[in-house]
Amino acid sequence: MPIVLKTSPLLWTRLAALAFACVAFSMTVHGARLPRGTGDFCIFCWAFSFAGTLLVILVELFNLQTRVPVSWKNFPITFACYAALLCLSASILFPLYYLRGSTSQNEVQNFRIVSTVFSCLATIAYMSEVSLTKARPGEVAGYMATAPGLLKVVETFVACIIFVFISDPVIYDRHDSVKYCMSVYCICFILSAIIILLCIGECTGFLPFPFARFLSAYALLAVILYLVATIIWPIFNFDPRHGGQKQRPYSCSSTQGLCVWDKAMAVAVLTGVNFILYLADLIYSTRLVFVSA
């Protein structure tokens with residue numbers, strides 16, 4: 001089987017991301033001594049990114065792009081975008097849980113600092129890969145390499161973070177309006193994930209309707225749903241007249257990580273972020289429809 005080795009900025013960027021992610025999870029496993037929970041998630045982020053990048057490099061090294069059952073125009077950049085978001089999350093959560101408030105200098109602390117540094121470097125490397133492989137104006141590329149495709153990735157990732165905050169502990173079952181917000185997160189996440197899978201599997205041509213118009217209609221629906229959720233969630237979580245708590249409880253100051261009030265606030269912020277993302281998605285998708293027409 002012929003090996004095709006073509007050095008390029010993209011290859012060096014992937015190799016750098018591979019090395020940084022490897023060092024991050026290796027240092028953590030070797031000497032960081034983390035308790036169960038958030039540390040496991042961070043290790044998963046780095047290990048998943050490392051394994052996926054290694055797979056992409058090997059496929060291109062052995063020139064197997066035509067033999068894999070996915071669209072190679074869409075898969076590498078989709079994975080790189082998810083890897084960038086995962087490493088970014090680990091770069092925020094890891095020091096938040098395991099370095100914040102610690103003043104002692106010992107071997108365990110040094111391992112944790114090294115893991116954080118290399119996690120940040122991996123994030124930069126994956127962002128660079130996305131920047132190198134995204135579609136340029138006038139360039140023929142897969143949908144996931146365009147702005148709407150990358151927005152879909154970020155939208156689903158933000159929804160996953162919302163699911164984590166909203167379900168541990170469960171904070172969406174106090175009122176029917178808050179349950180509506182949970183349904184919005186689920187519906188939009190599922191539809192966006194289906195779109196991504198259709199693009200990676202090159203199945204968009206099997207749809208009984210134009211894919212571009214479906215994207216535009218879905219983006220409009222998501223904007224409306226998230227707009228309502230952006231208004232409802234803060235009202236029923238922070239307004240005392242609806243059973244909410246306006247001020248941050250004093251007990252949150254002594255809680256490691258995020259307390260329930262912090263998580264509710266994080267969900268409110270992330271809901272607004274996803275609303276903005278879907279609004280930008282709608283603008284791009286509408287332009288796509290007019291360009292296609």
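**Exercise 1. Place T78 in the fold and find its contacts.**

T78 lies in helix α3 (residues 75-98). Helices here are DSSP runs of H or I with at least four residues, strands are runs of E with at least two, and both are numbered from the N terminus. The model is predicted: local features need pLDDT of at least 70, side-chain atom pairs count only at pLDDT 80 or more, and totals for chains, interfaces and linings use all residues. Numbering starts from 1 along each chain as its sequence is written, and side-chain values use heavy atoms, without hydrogens and water.

Next, accessibility. T78 has a relative accessible area of 3%, so T78 is buried (under 20%; exposed is over 50%, partly exposed in between; 1.4 Å probe, protein chains only).

Last, the contacts (heavy atoms within 4.5 Å). Setting aside neighbours within four places in sequence, T78 touches M144, V153, I196 and I200.

**Exercise 2. Check the length of helix α6.**

Helix α6 covers residues 176-200, 25 residues in total. The expected span is 1.5 Å times one less than the number of residues. That gives 36 Å for α6, and its end C-alpha atoms are 36 Å apart, which agrees. Just after α6, E202 has a positive phi of about 50 degrees.

**Exercise 3. Why does C87 form no disulfide?**

Apply the cut-off: a pair of cysteine sulfur atoms within 2.5 Å. The closest cysteine sulfur to that of C87 is in C45, 6.9 Å away, so too far for a bond. C160 is in no disulfide either; its nearest cysteine sulfur, in C186, is 11 Å away. Then compare exposure. C87 is buried at 0% relative accessible area, whereas C160 is partly exposed at 33%. Searching the whole structure gives zero disulfides.
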